[in-house]
Amino acid sequence: MRLSLACLTKPILHGYFRSSCSWRVRIGKFLSLALKGIEFDQVPVNLIKDGGQQLTDQYKALNPMQQVPAVQIDGITLSQSLAVIQYIEETRPGPRLLPADPKKRAQVRMISDLIASGIQPVQNLYVLQKIGAEKLQWAQHFIQRGFEALEPILKETASKYCVGDEISMADICLVPQVYNAERFKVDVDQFPTIKRLNQTLMKVDAFKVSHPSCQPDTPAELCT
């Protein structure tokens, strides 16, 4: 079977070291490399420098929402992290990030959407810049509120990972959000299931190497 040139070209991830959405895709990228043999190239998009590189006309042509990430893959550009993860899931063979069982698959999507739609957007950089001086209290409120909903759900669905004993898209969403919670000084000890799952996942190579502290565009003072 003849493969198109687009399918033979490495996918390109345009992202920012501390962006939750970019981190989700990086985790997916490293999981895909480990589980599905897919390699990516990375292009940094600095959300702070020069007033925000995501606001340039060049980047707007790539992602009209002027957000990260944007992923060029198989001749198309995808600009939402869950869409990227699900596209890779549906087009590349290998271990699943969405369970085969319909009930578990629905639980994974529910948890992922709760985080990606219900928590993260109201405490991202663009929103916090609009909030101004009250941004810390704003972020804390919405993360706290979201985690209060997420904790009892995970108590029902979790085993080793968010849904059962296999890493899924839900885990990919959870870890960056816990990082944000700690960054905004939310007491994660209140949420023992969330804390346990995060600690378990942070022992997995794909989650460690994709961490914001060790990316090509991480500022030197934040590198570990």
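The paragraphs below go through the pockets of this structure and then some of its aromatic pairs. The model is a predicted one, and every value that follows was computed from it.

A good place to begin is the largest pocket, which has a volume of about 850 Å³. Its lining is made up of 34 residues, and those that lie nearest the centre of the pocket are Leu47, Gln120, Asn124, Leu125 and Tyr126. Several helices take part in this lining, since α2 (20-36), α4 (81-91), α5 (102-119), α6 (125-131) and α8 (169-183) each supply at least two residues. The helix that gives the most is α6, with four residues in the lining of the largest pocket.

Seen at the level of domains, the lining of the largest pocket takes at least three residues from domain 1 (10-95) and at least three from domain 2 (102-208). When the residues of this lining are sorted by character, 15 are nonpolar, 15 are polar and four are charged.

The second largest pocket has a volume of about 210 Å³. It is lined by 13 residues, of which Arg96, Pro99, Asp165, Glu166 and Ile167 are the closest to its centre. In the lining of the second largest pocket, seven residues are nonpolar, two are polar and four are charged.

From the pockets we can turn to the aromatic rings. A pair of such rings is described by the distance of the centres together with the angle of the planes. In this model the count comes to three aromatic pairs, and two of them are taken up here in turn.

One of the pairs is formed by tyrosine 16 and phenylalanine 17, whose rings are 4.8 Å apart from centre to centre, with 65° between the planes, an arrangement that is edge-to-face. Tyrosine 16 and phenylalanine 17 are both buried.

Another pair joins phenylalanine 147 to phenylalanine 191, and this pair is also edge-to-face, with 5.6 Å from centre to centre and 85° between the planes. Because phenylalanine 147 lies in helix α7 (residues 135-157), while phenylalanine 191 lies in the loop between α8 and α9 (192-201), the pair ties together parts that are 44 residues apart in sequence. Are the two partners of this pair buried or exposed? Buried means under 20% relative accessible area, and phenylalanine 147 counts as buried because its relative accessibility is 0%. Phenylalanine 191, with a relative accessible area of 4%, is therefore buried as well.

Technical notes:
Residues are numbered from 1 along each chain as its sequence is written. This is a predicted model: local features need pLDDT of at least 70, side-chain atom pairs count only at pLDDT 80 or more; totals for chains, interfaces and linings use all residues. Side-chain values use heavy atoms; hydrogens and water are left out. On a 1 Å grid over the protein atoms alone, a cavity is a set of points where a 1.4 Å probe fits but cannot get out, and a pocket is an open set with protein on both sides within 12 Å along at least five of seven lines; lining residues have an atom within 4 Å of a point. Grid points are joined across faces, edges and corners, and a volume is the space filled by probe spheres set on the points. Ala, Val, Leu, Ile, Met, Phe, Trp, Tyr, Cys and Pro count as nonpolar, Asp, Glu, Lys and Arg as charged, and the others, Gly among them, as polar. Domain bounds come from an automatic or database domain assignment. Rings of Phe, Tyr and Trp (its six-membered ring) pair if their centres lie within 6.5 Å; planes under 30 degrees apart count as stacked, over 60 as edge-to-face and the rest as tilted. Buried means under 20% relative accessible area, exposed over 50%, partly exposed in between (1.4 Å probe, protein chains only).
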